[in-house]
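Okay, can everyone see the screen? I'd like to spend a few minutes on the empty spaces in this one, so let me put the structure up.

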Amino acid sequence: MMKHEPLLTSFREAGQGHVFAYFDELSPDAQQTLLAQAAEVDLAEIGRLTRTLLAKDAVAGVNVEGLQPAPYESRPEQGGDVAQWAEAKAVGEAALRAGRVAAFTVAGGQGTRLGYDGPKGTFPVTPLKRKPLFQIFAEKILAAGKRYGRPLHWFIMTSHQNHAATEAFLAEHDYFGLERARVHCFRQGRMPAVGFDGKILLETKGTIALSPDGHGGSLRALARSGALDLMEREGIDTLSYFQVDNPLVRCIDPAFVGWHLRRGSEMSSKMVPKAYPEEKVGHFCVQHGRLVVIEYSDLPMALQRETDARGNLRYPAGSIALHVIDREFVRRMASGGEGVALPFHRADKKIATIDATGTPVKPEKANGVKFEMFVFDALPFAKNPVVIETLRANDFSPVKNAEGADSPKTCRDDQLRQFARWLKANGADVAVDATGLPAATIEVSPLFGYDEDSFADAWARLEPKPAVAEGLYLG
């Protein structure tokens with residue numbers, strides 16, 4: 001039984017005693033639930049955020065003074081140095097053979113926006129086999145481990161909402177061929193929502209209105225879960241970070257790892273050239289000598305549309321949430337030491353709560369604030385950060401919306417285009433339309449080929465070569 005008097009005292013002293021206003025009305029189990037939630041709350045942190053983000057004189061918006069476009073390493077196809085890319089790839093492959101690299105998926109979301117009931121990672125997404133996102137990543141990680149002769153660890157950050165379902169799903173499918181001991185799920189941290197007066201909001205008489213602390217919370221979660229210590233014991237010093245909604249991603253990209261290691265970088269990123277000025281992606285910029293990402297909503301439209309002397313966008317580098325991160329940099333950021341803590345961002349939201357009489361309230365307009373961190377806010381603290389260009393067609397086609405842009409249909413088509421490109425590049429006869437979309441529905445398992453190189457090697461060994469026809473599956 002959790003002792004509650006010290007906890008209640010700390011909340012009263014912090015001016016948050018109302019959290020326990022109905023404590024005596026609750027059943028013993030409900031009391032324990034509330035106490036456990038309250039124990040998650042860092043009252044000093046809430047006090048600091050109230051003073052800095054909720055105060056009437058708090059500075060709103062993002063300061064864009066001194067902003068400049070960030071430099072990046074262009075792809076060889078776009079004029080980048082071929083020899084440097086080759087060297088980066090060799091360095092990354094050596095790190096993979098040495099067992100220094102692990103995959104890290106941020107997977108706390110539900111499939112709500114997709115009209116899907118369950119963790120987003122369980123959403124079926126491939127054209128033929130309808131493989132779920134988790135299976136795609138698992139097979140890419142498994143195949144990369146076999147290719148480089150060292151099985152890879154996979155770290156997955158879940159949320160309190162989907163942790164049990166995620167673990168059950170992976171276990172039910174025997175971790176899609178990965179060793180159980182190399183798959184590590186841990187929960188994201190949570191933050192309480194507060195009213196505009198800084199008072200913690202109750203969702204019910206016995207529960208606090210808690211929400212995930214943002215993808216930036218992944219750094220704290222890695223440390224608090226013991227994942228960083230496990231990595232250190234296993235000789236892993238480099239994490240390949242990606243989000244769960246992007247099946248096209250190269251989970252393990254040796255060239256990306258190599259650029260990171262060659263530069264002695266603590267945090268590296270991939271960019272894609274923006275498709276059009278108003279595209280809703282973050283922008284890689286340099287401000288006062290430090291690499292930053294400025295969200296599209298914070299960069300003035302005049303800057304988003306600004307062009308150089310040749311008519312190209314002056315701020316072309318779009319962020320797609322792909323990073324390589326040094327283990328000890330994560331540890332330093334997670335420690336929250338002086339001058340290195342990730343900032344929290346304020347989001348005004350409609351939050352289901354209760355009123356002073358304990359009656360449920362469903363607000364029609366924003367009635368409180370949620371706090372969240374963004375992982376890209378770690379970039380200004382990183383030594384030697386590097387940004388490399390990637391091709392959108394190779395690395396980025398997220399599944400976010402039920403219809404329209406970034407939907408299952410657009411993602412399916414992008415997967416088909418990728419499979420067709422690989423086949424055509426290796427001499428197969430594939431009929432495609434003007435956008436590269438093949439006439440036949442085909443699928444390539446990551447276990448056959450998970451990128452251009454692994455596919456080419458597998459195709460060269462395949463005899464006889466199959467004709468590309470409706471329903472072709474290479475597994």
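So, the largest cavity holds about 140 Å³ of space, and keep in mind that we're looking at a predicted model. What lies closest to its centre? Of the 16 lining residues, that would be Ile136, Lys140, Phe419, Val444 and Pro446. If you want to find the walls by element, look for α5, α13 (408–425) and β20 (443–444), each of which supplies at least two residues of the lining. The largest share comes from α13, with four residues. As for chemistry, the lining of this cavity splits into eight nonpolar, five polar and three charged residues. The count of cavities of 30 Å³ or more comes to three, by the way.

Okay, on to an open space, the second largest pocket. Its volume is about 340 Å³. Here 19 residues make up the lining, and nearest the centre you'll find Arg75, Lys89, Arg250, Ala255 and Asp453. Which elements give two or more residues to this pocket's lining? Those are α4 (82–97), α5 (133–148), α9 (254–262), β19 (386–389) and α14 (452–461). In this pocket α4 gives the largest share, four residues.

And how does the pocket lining divide by class? We get 12 charged residues, seven nonpolar and no polar ones.

One last thing to look for while you rotate the model: α5. This helix is on the list for the lining of the largest cavity, and it is on the list for the second largest pocket too. Okay, that's me done, over to you.

Technical notes. Residues numbered from 1 in each chain as written. Predicted model: local features only at pLDDT ≥ 70, side-chain atom pairs only at ≥ 80, totals over all residues. Heavy atoms only, no water. 1 Å grid on protein atoms, 1.4 Å probe; cavity = no way out; pocket = protein on both sides within 12 Å on 5 of 7 lines; lining within 4 Å. Points joined across faces, edges and corners; volume = space filled by probe spheres on them. Nonpolar A, V, L, I, M, F, W, Y, C, P; charged D, E, K, R; others polar.
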